[in-house]
Amino acid sequence: MLVVYHALIIFCYEVGCLNLIILAITHCFCYHVFMTTQQTTRSGWNIVGHEHAIDLLRRTLAAQQVRHAYLFTGPEHIGKRLLAHRFAQTLLCTGGSDLHVAPLDACNTCLSCRKVLHGNHPDLHIISRAPDKQFILIEQVRALQSDSARKTLEGRRNVFIIQGAHEMNLQAANCLLKTLEEPEPDVVLLLTAPDPGLLLPTILSRVQQVPMHLLTSLQIKTALEQQWEVEPEEATLIAALAAGRMGWAVQAVEDEELLVERKAQLEALAKLPMVSKVQRFEIAQRISSDSAKARAVLELWLFWWRDMVLAANKCLDLTVNVDMRNILKQQASRVGTVEAERMVRAILSTMEALDQNVNARTALEVLMLDLPAIKS
Ligand SMILES: [Zn+2]
């Protein structure tokens with residue numbers, strides 16, 4: 001059933017009908033809530049939700065048919081990196097009954113598990129874009145190839161996690177393709193990316209895809225209360241703001257500044273339609289100076305304008321930014337559905353442009369021109 005809803009969302013997106021997308025997403029959330037009334041953490045994996053993805057990996061382990069490459073996909077902060085790490089830990093765990101076979105669930109106590117958890121297992125390699133670089137570079141993939149050619153030091157496998165595999169430039173991606181075409185027998189590559197469409201089709205055809213989906217607010221709220229001991233009122237707010245992304249919820253709990261900064265960003269965003277173009281361009285310049293920050297700000301804006309569409313359609317109770325509903329209601333009545341929908345499309349286009357490494361400042365300046373103007 002969930003697959004049908006996801007197909008419906010993709011269909012609506014392709015035909016460009018925003019109201020239908022929102023309706024489909026809402027139904028999808030309701031289905032999640034209906035199906036999952038309790039937060040669950042699979043023993044050994046220590047992951048909230050994502051039972052479908054974990055079951056898929058456990059079946060692979062049970063059949064002893066671990067493939068050479070997996071791709072974990074889903075929205076930012078949903079837990080892709082965590083699931084890849086847990087799978088790597090399970091592949092390397094030596095706490096099972098047979099030393100030569102990976103168990104279905106990592107024991108979390110053997111030396112190998114502890115090394116993975118402490119980030120110092122010699123057979124687990126993490127590759128990601130350097131903070132000062134625009135891409136994952138070919139040199140990093142060549143190092144991966146060199147490491148994969150040598151024997152494992154301790155474990156039964158050489159495991160490589162490529163975080164944000166969509167950030168490989170073309171050279172790096174083509175270089176990785178060689179490893180995927182002729183993998184060493186004991187090598188397992190675990191890639192993460194927001195969307196499979198961001199990778200080369202030749203890479204996609206050589207990986208097992210593991211799609212991950214948004215959690216329900218109830219799953220997140222229950223997990224925050226039970227595992228992070230968050231007070232119920234705060235857990236309700238964070239779960240609503242997380243919009244299905246457990247990783248974001250955990251960040252919000254562990255970093256108090258995140259919620260404070262979010263509130264400040266949204267209050268500034270709410271004022272944007274009232275400020276001059278010169279001021280908007282100054283803001284675009286400020287945000288675009290840090291590409292990771294620009295992406296995070298755009299995600300926040302996307303939720304804001306999605307909420308604006310809902311508020312303009314008298315669906316305020318479905319909005320994510322539950323603590324900003326008064327402002328949303330006021331602005332939505334002045335902006336209207338058509339303009340709010342146009343902004344959602346404009347933000348999606350800007351995010352796509354950033355993914356394709358278009359100049360961030362230019363992309364944000366164009367977005368600023370798209371913003372509707374409200375006379376104060
Ligand atoms: Zn273990």
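**A guided tour from the zinc site to the parallel strands**

Begin at the zinc ion, whose site is tetrahedral, with angles of 103 to 119° among its four donor atoms. Four donors count as tetrahedral if all angles lie between 85 and 135 degrees; donors are N, O and S atoms within 2.8 Å of the metal (3.2 Å for Na, K and Ca), and water is not among the atoms, so sites may look incomplete. For reference, the ideal angle for four tetrahedral donors is 109.5 degrees.

This is a predicted model, in which local features need pLDDT of at least 70 and side-chain atom pairs count only at pLDDT 80 or more, while totals for chains, interfaces and linings use all residues. Residues are numbered from 1 along each chain as its sequence is written, and side-chain values use heavy atoms, with hydrogens and water left out.

**Stop 1: the zinc ligands**

Select Cys93, Cys107, Cys110 and Cys113; the SG atom of each coordinates the zinc ion, at 2.3 Å. Along the chain, these donors follow the spacing C-x13-C-x2-C-x2-C. Colouring by accessibility, one finds Cys110 buried at 12% relative accessibility, whereas Cys107 is partly exposed at 27%. Here buried means under 20% relative accessible area, exposed over 50%, and partly exposed in between (1.4 Å probe, protein chains only).

**Stop 2: the whole chain**

Zoom out and switch to a cartoon: the protein has 17 helices and five strands. Helices (H or I, at least four residues) and strands (E, at least two) are DSSP runs, numbered from the N terminus. Of the 376 residues, 46% count as buried. The accessible surface comes to about 18800 Å², of which 54% belongs to carbon and sulfur atoms; such areas come from the Shrake-Rupley method with a 1.4 Å probe, and for residues only the protein chains shown count as cover.

**Stop 3: strand S1 and its partners**

Select residues 69-73, strand S1, where five of the five residues are buried. Ala69, Leu71 and Thr73 lie on one side and Tyr70 and Phe72 on the other, and both faces are covered. S1 pairs in the parallel sense with strand S4 (residues 187-193) over five bridges; two strands pair if DSSP finds at least two bridges between them. Within this pairing, Phe72 stands opposite Thr192. Next add strand S5 (residues 208-211), which runs parallel to S1 and is joined to it by four bridges. Thr73 has Pro211 as its bridge partner in S5.

**Stop 4: the β-α-β unit**

Move to strand S2 (residues 124-127) and strand S3 (residues 158-162), a parallel pair with four bridges. Leu124 is matched by its bridge partner Val159 in S3. Display helix H6 (residues 138-149) as well: S2, H6 and S3 make a right-handed β-α-β unit. Right-handed means that, with the strands pointing away from the viewer, the path from the first strand over the helix to the second runs clockwise.

**Stop 5: two loop residues**

From S3, continue to Met168, in the loop before helix H7 (170-181). Met168 is buried at 8% relative accessibility. Leaving aside neighbours within four places in sequence, the contacts of Met168 (heavy atoms within 4.5 Å) are Ile136, Val141, Ala173, Leu176 and Ile203. A distance to display is that from Met168 to Leu137: 6.2 Å, C-alpha to C-alpha, for residues 31 apart in sequence.

Finish at His50, in the loop between helix H2 (18-35) and helix H3 (51-62). His50 has a relative accessible area of 9% and is buried. Not counting residues up to four places away in sequence, His50 touches Ile78, Met212, His213 and Leu215.

Definitions and conventions: Tetrahedral: all angles 85-135°; square planar, octahedral: opposite > 155°, others 65-115°.
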